[in-house]
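This report looks at burial, charged pairs and helix packing in one protein chain. It moves from the chain as a whole to single residues and their partners.

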Amino acid sequence: LPFKGSFEEAALFEKSIRRSAVPDVDPITPAIKDLIVPFTAWHRTEAAASTVKDARYSIDLYLVPFFGNLRPNQLSVQGFTEFKNYLQDKGLKPITVNKHLNHFASMLNWAVANDHCEELKFKIPRFPRSKIASPRKQPLERYEVDAIYRHLEEHYRVLFLLMADHGLRLSEALKLQTRDVDRRREMIHVRGKGTKDRKVPFMSDRFVEELYRLKGKRRYLVINPVTKQPYSTIWKPLDRAVKAAGIGRQVSHHLLRHTFATLAAESGMNPHALQRILGHSSIEVTNRIYTNVGLDFVGDAGRLLREQTRSVDTVSTIRRVK
C-alpha cells in the first residue's frame with residue numbers, strides 16, 4: 001500500500017524500519033578523532049577563517065588528547081567535568097574552558113545533523129556565565145584616542161581609525177577591500193557577520209587624510225608589505241602606541257569599537273543611526289550603550305518635543321492677541 005503522509009514523514013518511517021530490522025546490532029559510530037577532518041572541511045564553508053583556525057587549535061590541542069579515542073555515545077557528564085577540571089589545572093580561565101567546549105559542541109552538532117552519531121542525552125556542562133563575566137572595561141577618553149593615533153605608526157593608522165572613528169570590528173577592518181570604500185560618496189561598505197552588510201559614512205577628517213596617503217593598487221585596503229595579505233591583528237603596533245602615549249592600561253581592538261560607540265552616544269547621535277553604523281542586530285543592544293553612559297535619550301526627545309510644542313502654542317497665542 002502507498003504511504004499516506006508527507007515526504008518527511010515517509011523518510012522518518014523508513015528510517016525507523018531500517019533500525020528495527022537489526023535490533024540486536026548497535027551501529028558503529030566513528031571515534032571523535034575520525035570526525036575532525038570532515039567537520040573541518042564543512043566548517044570552512046560556514047565560518048570565518050579565524051573561527052575555523054581557533055576551532056582546529058582547540059580540537060587538536062585539548063579535545064583529541066582527552067576525548068579522541070572515545071565515540072560520541074561513550075561521552076558522559078562525568079567525563080566533561082573531569083575535562084573542565086583538567087583545563088583549569090592547566091591554568092585556563094572558565095571563559096576559555098567554555099570556548100573549547102563550544103567548539104566541541106559545534107562538532108558534535110554537525111555529527112548529529114549528518115547522521116554520524118545520535119544526539120547526546122545530556123547538555124554539555126559549562127561554567128555559568130555569571131561566574132565568568134568580567135567587568136566591562138571603561139572606554140577611552142577622546143584625548144586618549146587622539147594620543148594613540150599620534151603615536152601609532154602611519155602604516156596602521158587607517159585600520160586604527162576604522163575601529164576608533166567608525167566602530168568597525170577588527171575582522172571587518174582587516175578584510176575591508178579597496179572597492180568597498182567609495183571616496184566620492186564618502187561611504188564604507190562593511191561586510192559584517194554572515195550577510196549583515198551595512199553602509200558606514202566617513203566619520204572623521206583624519207580618516208580621509210590617511211586614506212589618501214595609501215598608495216599602490218591592492219585588493220585589500222591595508223596589507224602587510226611583506227606578505228601582500230591582510231594583517232591578522234595590529235596588537236603589537238597598537239600596544240607600542242598605547243605605551244608611547246602614556247596610557248597605563250591595555251587597549252584591545254574591541255575597546256576601540258566600544259569607545260567609538262560611547263563617544264557617539266555622548267555626542268547625541270540618534271540610537272537608531274548608531275545601531276546601523278555598529279551593525280547591531282537589535283536596538284536593545286545599542287540602547288545599553290546609552291544606559292551605561294547615563295543618557296536618557298527617550299527623555300531628551302520628549303523634552304525637545306514639548307519645547308517645540310510650547311513654541312508653536314506661544315506663536316499661536318501671540319497671533320490671536322494681535
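A residue is called buried when its relative accessible area is under 20%, exposed when it is over 50%, and partly exposed in between, the area being taken with a 1.4 Å probe and protein chains only. This is a predicted model, in which local features need pLDDT of at least 70 and side-chain atom pairs count only at pLDDT 80 or more, whereas totals for chains, interfaces and linings use all residues. Residues are numbered from 1 along each chain as its sequence is written, and side-chain values use heavy atoms, with hydrogens and water left out.

**The chain as a whole**

The secondary structure comes to 15 helices and 3 strands, where helices (H or I, at least four residues) and strands (E, at least two) are DSSP runs numbered from the N terminus. Of the 322 residues, 36% count as buried. Taking a contact as heavy atoms within 4.5 Å, residues 24 or more positions apart account for 60% of the contacts with a separation of 6 or more.

**Salt bridges**

The whole structure holds 12 salt bridges, each defined as a side-chain nitrogen of Lys or Arg within 4 Å of a carboxyl oxygen of Asp or Glu. Three of them, including their N to O distances, are set out below.

| Basic residue | Acidic residue | N to O distance |
|---|---|---|
| Arg 206 | Asp 146 | 2.9 Å |
| Arg 198 | Glu 172 | 2.8 Å |
| Arg 185 | Asp 182 | 3.0 Å |

In the pair of Arg 185 and Asp 182, Arg 185 counts as exposed at 53% relative accessibility, while Asp 182 is partly exposed at 24%. Salt bridges that share partners join Asp 146, Asp 165 and Arg 206 into one network.

Arg 206 and Asp 146 meet in a salt bridge, and this pair links distant parts of the chain, with Arg 206 in helix 10 (residues 205-211) and Asp 146 in helix 7 (residues 142-151), 60 residues apart. Asp 146 counts as partly exposed because its relative accessible area is 25%.

Glu 172 and Arg 198 form another of these bridges, which likewise links distant parts of the chain, from Glu 172 in helix 9 to Arg 198 in strand 3 (residues 198-201), 26 residues apart. Glu 172 is buried, with a relative accessible area of 5%, and Arg 198 is buried as well, at 8%. The side chain of Glu 172 also makes a polar contact with that of Arg 169 at 2.6 Å, a polar contact being a pair of N or O atoms within 3.5 Å, of which, within protein, one must be able to donate a hydrogen and the other to accept it, and residues adjacent in sequence count only if both atoms are side-chain atoms. Arg 169 lies in the loop between helix 8 (157-164) and helix 9 (170-174), and Arg 169 is buried at 17%.

**Packing of helix 7 and helix 8**

The axes of helix 7 and helix 8 come within 10 Å and cross at roughly 165 degrees. That makes helix 7 roughly antiparallel to helix 8, a term used for angles over 145 degrees. The contact is made by Val 145, Ile 148, Tyr 149 and Arg 150 of helix 7 and by Arg 157, Phe 160, Leu 161 and Ala 164 of helix 8.

**Phe 39**

Phe 39, in helix 2 (residues 32-46), counts as buried at 2% relative accessibility. Leaving aside neighbours within four places in sequence, Phe 39 is in contact with Ile 59, Ser 106, Met 107 and Trp 110.

Notes. Axes fitted to C-alpha atoms, helices over the stretch in contact; angles between N-to-C directions. Parallel < 35°, antiparallel > 145°, perpendicular 65-115°, else oblique.
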